[in-house]
Structures are given as C-alpha cells and as structure tokens.
Amino acid sequence: MKNNGKENRNFRTINQQFKDFQRKIGIEFADERLLKQAFTHSSFVNEHRRKPNEDNERLEFLGDAVLELTVSKYLFIKYPLMSEGELTKLRAAIVCEPSLVTFANELSFGDLVLLGKGEEMTGGRERPALLADVFEAFIGALYLDKGLDSVIDFLRQSVFPKINAGLFSHLMDYKSQLQELVQRDGVGLIEYQILQEKGPAHNREFVSKVSMNGKELGIGVGRSKKEAEQHAAQMALEVLMRQK
C-alpha cells in the first residue's frame, strides 16, 4: 500500500508539472492526455503497464510531417527568390536533430519527459535523439488538439524568430537571390565594394558595400570578403523587398 501511495503522489506531481508547463507556454490542451503522451518515453510505458499509458512514437511520426509542412510554408513565403534546392537545404537544417534539441532545451522539455528508471539512470533526459523526438511528438499532439493554426502560432514564438535572426543564414546564398531579383525586374546593375579591412591577419574583418546603379543598398561585415558580401546582399534584399 505504501508503494501505491508513493506512486499516486508521483502522478499528482506529474499532473501539476504539465499544468504549470501549459501556463508557461500559454497553451491549454483540451485533451491533456495527448500532451502527456507526447512526453512519454517507451521505457516509462514498459514500467507502468497497469496505467493506461501510450508512448510518444506515433505522435512523433505525425509531428515530423506537420513540422516539415509548416516550416516549408514559412520558408516558401519568406524567401520568394530561393530555389527549390536551397529551400530543401534550409528546411533540413531547421528540422534536423541538433536544431530540434535546441528548441526543446529552450523550453525545458527535458524536465517533463516521463522515463523508466533505467533510461533515467543512463542520462536519457538529456539524450539528443530523445529530446528531438519529444519536440516532434509535442508538435503532433498540438496539431491533434488545437489544429494547424495553433502549431504555426507556437512556431512563431519558438522557431521562426531564430530563422529571422539569421541562425541559419550560413546556408543561404543572398548574392544569388539578389542577382536573380535584379535580373528578373531589370532594374539595374549590382556592384560590390570592399570598404574596409581591419584587424590582425589571424582575425581579419571585412566591410562590404553593395550598390545598384551607384546607389547604396546595404553594408555587410564578415570574417572574409565573401561573408561580408553575403551580409551586404542580405540587407539589400530586405531593402528591395520592402519597396515592392
């Protein structure tokens, strides 16, 4: 009886943690069982067979597809000049395991994962593959409970700002996008100029300017001439897209 009492207390604590989590992210699940399932590892189910638990693997399968769709749509709209190949490469970087682990850690998903004792003792709560799976499972649960619009709202808070902040900009060829835009619209000639080189040889910094028909469109800074030009082109694209 003592063991049952301890187990009941543990489950009451778990329930409170999930309620606190929903308040933290500003989302209240209509079916809280879906939320718990998203965080339930198979090792937990194996150790609690008397409880009606289901692990998160099916939700992970669904969440993977929903995440690819929502991120694809966001990138398609945000980068109208990006080629299919570049979009695919960028999406892959956003939904890959290291990125999903970053998203999960920022929301402390690891604290909520329900694990079996063995998995807990071997550091499962911090295992990258497990955290990435939990993030996908959460997206799947949110989609089932609230629909696609709620998933997009959640990603606007947790994922899309990182794209906008340039976390994945090393994968983007802004110079090609700028050249394509200018050629398509037939508006002029693009020229790059290195304005400044500074710092010691082992820690060089370059400042680049990009102009169209002699008019400055953007300034970029980088560790190489190429990187500085890419950043300048990124600024120029933002300027030209605002003018449309």
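Hi everyone. Let me begin with one definition: I call a residue buried when its relative accessible area is under 20%, exposed when it is over 50%, and partly exposed in between. Please also keep in mind that this is a predicted model.

With that in hand, let's take Leu-148. Its relative accessible area is 32%, so Leu-148 falls in the partly exposed class. You'll find Leu-148 in helix α9, which covers residues 148-158. Leu-148 also has company on the surface: together with Leu-69, Tyr-143 and Leu-144 it makes up a nonpolar patch. The accessible area of those four residues together is about 350 Å².

Now for a leucine in another setting. Leu-131 belongs to helix α8, residues 128-146. Is Leu-131 buried or exposed? Its relative accessibility is 2%, so Leu-131 counts as buried. As for what surrounds it, and setting aside residues up to four places away in sequence, Leu-131 touches Val-101, Ala-104, Asn-105, Gly-110, Arg-125 and Glu-126. If you like C-alpha distances, here is one: Leu-131 and Pro-98 are 33 residues apart along the chain, and their C-alpha atoms are separated by 9.6 Å.

Next, helices α11 and α12, where I'd like to spend a little time. Helix α11 runs over residues 174-185, and helix α12 over residues 225-243. Let's start with a salt bridge. Lys-175 pairs with Glu-229, and the closest N and O atoms are 2.7 Å apart. Lys-175 sits in α11 and Glu-229 in α12, so this pair ties together parts that are 54 residues apart in sequence. The two partners fall into separate classes of accessibility. Lys-175 is partly exposed, at 27% relative accessible area, whereas Glu-229, at 16%, counts as buried.

Right beside Glu-229 in the numbering comes Gln-230, which is also placed in helix α12. With 13% relative accessibility, Gln-230 is another buried residue. What does the side chain of Gln-230 make a polar contact with? One partner is the side chain of Asp-173, at 3.0 Å. In addition, a polar atom of the Gln-230 side chain lies 2.7 Å from the backbone nitrogen of Tyr-174. Leaving out neighbours within four places in sequence, the contacts of Gln-230 are Met-172, Asp-173, Tyr-174 and Lys-175. So you can see Lys-175 turning up again here, as a contact of Gln-230.

There is a second glutamine to look at, Gln-177, and this one is found in helix α11. Gln-177 has a relative accessible area of 4%, which puts it in the buried class. Beyond four places in sequence, Gln-177 touches Tyr-79, Leu-81, Met-82, Met-172 and Leu-237. Notice Met-172 in that list, since Met-172 is in contact with Gln-230 as well.

Back to salt bridges for a moment. How many does the structure hold? The count is twelve. Besides the Lys-175 pair, let me show you two others. In one of them, the side chains of Arg-33 and Asp-31 meet at 3.1 Å, N to O. Here Arg-33 is exposed at 65%, and Asp-31 is partly exposed at 24%. In the other, Arg-58 meets Glu-54 at 3.8 Å, again N to O. Arg-58 comes out as exposed, at 64% relative accessibility, and Glu-54 as partly exposed, at 40%.

Last stop: the strands. Strand β1, residues 190-198, pairs with β2 in the antiparallel sense, over eight bridges. Within that pairing, Lys-198 stands opposite Glu-205 in β2. The two strands form a hairpin with six residues between them, and Gly-199 in the turn has a positive phi of about 90 degrees.

Strand β2, residues 205-212, then goes on to pair with β3, residues 215-222, and those two run antiparallel with seven bridges joining them. Phe-206 stands opposite Gly-222 in β3. This is a hairpin too, with two residues between the strands. Which residue in its turn has a positive phi? That is Asn-213, with a value of about 55 degrees.

That's my tour. Thanks for listening, and I'm happy to go back to any of these spots on the screen.

Methods. Residues numbered from 1 in each chain as written. Predicted model: local features only at pLDDT ≥ 70, side-chain atom pairs only at ≥ 80, totals over all residues. Heavy atoms only, no water. Patch = residues over 30% accessible without salt bridge, like charges linked within 9 Å, V, L, I, M, F, W, Y side chains within 5 Å. Areas by Shrake-Rupley, 256 points an atom, 1.4 Å probe, with all protein chains shown as cover. Helix = DSSP H or I, 4+ residues; strand = E, 2+ residues; numbered from the N terminus. Buried < 20%, exposed > 50% of the residue type's maximum accessible area, 1.4 Å probe, protein only. Contact = heavy atoms within 4.5 Å. Polar contact = N/O pair within 3.5 Å; in protein donor to acceptor, adjacent residues only side chain to side chain. Pairing = 2+ DSSP bridges.
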